Every structure is written in structure tokens, then in C-alpha cells.
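Here are some short exercises to work through with the structure open beside you. Try each task on your own before you read its solution.

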Amino acid sequence: MAKYKGKLNRQFPAKISTTAFTSIYILHLIEKYGKMYGQKILDTINQQMGTRWKPSRGMVYPLLREMEEEGYLKAWWDEPDKRSIRYYLLTEEGAEHLEKMKIKYKSSFRDARKIVDTAIDEIYDGEV
């Protein structure tokens with residue numbers, strides 16, 4: 001595999017980045033379950049996805065801050081003096097943004113599933 005070293009590393013599928021996917025999923029979880037904090041989001045993703053997909057803390061926490069700054073999430077500290085747990089709740093603007101993102105990326109999600117299903121069928125000759 002060394003022959004690929006230094007080549008452009010695009011996201012798969014190229015139509016949606018890992019960051020966009022993770023943002024959509026975080027907003028979806030908060031919409032579905034109500035107020036959540038960062039570790040609870042990570043735990044929920046881990047519970048739902050197992051070892052198949054696990055975004056890093058280094059991706060999730062900056063995304064939460066960014067979405068708060070953009071007005072998509074309302075955030076507060078459980079104990080402001082200790083700053084231990086920061087809760088997040090979806091705002092009306094965040095719900096609208098999530099709906100737009102779901103529409104925007106729906107075909108990309110379907111394309112990705114089709115690409116992977118086709119590749120699996122081809123590689124394993126339908127044996128999976």
C-alpha cells in the first residue's frame with residue numbers, strides 16, 4: 001500500500017465530509033433525545049454504531065462549540081462554578097438547519113450506501 005503514500009486522500013464518499021456527517025448525526029441525536037453533553041453523545045454513538053464508526057473527542061467537542069456559536073445549539077454548564085458538564089439543546093434554528101442538511105445530503109447518503117453495497121457484492125460475489 002506504500003504506493004498510495006502522498007496521494008490525495010478524499011473523504012468517502014467525496015460528496016460529504018466526515019465533519020458534515022458527524023455534525024448531522026450530533027444534531028439528530030440531540031433532536032431525538034433532548035439535552036445531551038459531549039460524553040453522552042460519544043457514548044450514544046458508540047452504543048449505536050459499536051466499532052463500525054466512532055468519531056473522536058477532538059472532532060465532537062469543537063463541533064459542539066461551533067454549532068453553539070452558529071446558534072444551532074443552546075449550551076449551559078450543569079455546575080457553572082466547576083464547569084464540569086456542558087449540556088446542549090437544539091434550538092429552533094438548529095432544527096431548521098438539520099432539516100436542510102438532511103435534504104442536502106440525502107442523495108449522498110444513498111449514493112454511499114449504493115457504492116458500498118455494489119463493491120461488497122462485486123468483491124465477495126454476493127457471499128456476504
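**Exercise 1. Decide whether A75 is buried or exposed, and find its partners.**

Step 1. Keep in mind that this is a predicted model. The relative accessible area of A75 is 18%. The cut-off for a buried residue is under 20%, so A75 counts as buried.

Step 2. Place the residue: A75 belongs to strand β2, which covers residues 73-77.

Step 3. Leave out residues up to four places away in sequence, and A75 touches E68, R86, Y87 and Y88.

Step 4. Now look further along the chain. A75 and K35 are 40 residues apart, and their C-alpha atoms are separated by 9.1 Å.

**Exercise 2. Find the salt bridge that R86 forms, and say which parts of the chain the pair ties together.**

Step 1. Search for a carboxyl oxygen within 4 Å of a side-chain nitrogen. The partner of R86 is E68, with the closest N and O atoms 2.6 Å apart.

Step 2. Assign the elements. R86 lies in strand β3 (residues 86-90) and E68 in helix α3 (residues 57-69), so the bridge ties together parts that are 18 residues apart in sequence.

Step 3. Check the surroundings of each end. R86 counts as buried at 19% relative accessibility, whereas E68 is partly exposed at 25%.

As background, side chains of opposite charge can pair when their charged atoms come close.

**Exercise 3. Count the salt bridges in the model, then describe those made by K82 and K102.**

Step 1. The count comes to 3 salt bridges.

Step 2. Take K82. Its partner is E79, and the closest N and O atoms are 3.3 Å apart. K82 is exposed, with a relative accessible area of 61%, while E79 is partly exposed at 33%.

Step 3. Take K102. Its side chain meets that of E99 in a salt bridge, at 3.2 Å from N to O. The two residues are 3 apart in helix α4, so about one helical turn separates K102 from E99.

Step 4. Compare the ends of this bridge with the exposure classes. K102 is partly exposed at 38%, and E99 is partly exposed at 36%.

**Exercise 4. Work out which residues line the second largest pocket, and which element gives the most to the lining.**

Step 1. Begin with the volume: about 180 Å³ of space lies in the second largest pocket.

Step 2. List the lining. It is made by Y37, G38, Q39, Y61, R65, E68, W77, R83, S84, I85, R86 and Y88. Both ends of the bridge from Exercise 2, R86 and E68, are in this list.

Step 3. Sort the lining by element. α2, α3 and β3 each supply at least two residues, and α3 gives the most, with 3 residues.

**Exercise 5. Describe the surroundings of L42 and S23.**

Step 1. L42 is found in helix α2, residues 38-49. Its relative accessible area is 8%, so L42 is buried.

Step 2. Leaving aside neighbours within four places in sequence, L42 is in contact with P55, S56, R57, V60 and Y61. For one of these, V60, the separation is 18 residues in sequence and 7.8 Å in space, C-alpha to C-alpha.

Step 3. Turn to S23 in helix α1, residues 18-33. S23 is buried too, with a relative accessible area of 15%.

Step 4. With residues up to four places away not counted, S23 touches L63 and M67.

**Exercise 6. Find the residues that make the nonpolar surface patch of about 440 Å².**

Step 1. The patch is made by I115, V116, I120, I123 and Y124.

Step 2. Look at one of them. I115 is found in helix α4, residues 92-124, and is partly exposed, with a relative accessible area of 40%.

**Exercise 7. Summarise the whole chain.**

Step 1. The secondary structure comes to 4 helices and 3 strands, and from the N terminus on the elements run α-β-α-α-β-β-α.

Step 2. Of the 128 residues, 29% count as buried. The accessible surface is about 9400 Å², and 51% of that belongs to carbon and sulfur atoms.

Step 3. Finally, take contacts between residues at least 6 apart in sequence: 50% of them join residues at least 24 apart.

Conventions:
Residues numbered from 1 in each chain as written. Predicted model: local features only at pLDDT ≥ 70, side-chain atom pairs only at ≥ 80, totals over all residues. Heavy atoms only, no water. Patch = residues over 30% accessible without salt bridge, like charges linked within 9 Å, V, L, I, M, F, W, Y side chains within 5 Å. Areas by Shrake-Rupley, 256 points an atom, 1.4 Å probe, with all protein chains shown as cover. Buried < 20%, exposed > 50% of the residue type's maximum accessible area, 1.4 Å probe, protein only. Contact = heavy atoms within 4.5 Å. 1 Å grid on protein atoms, 1.4 Å probe; cavity = no way out; pocket = protein on both sides within 12 Å on 5 of 7 lines; lining within 4 Å. Points joined across faces, edges and corners; volume = space filled by probe spheres on them.
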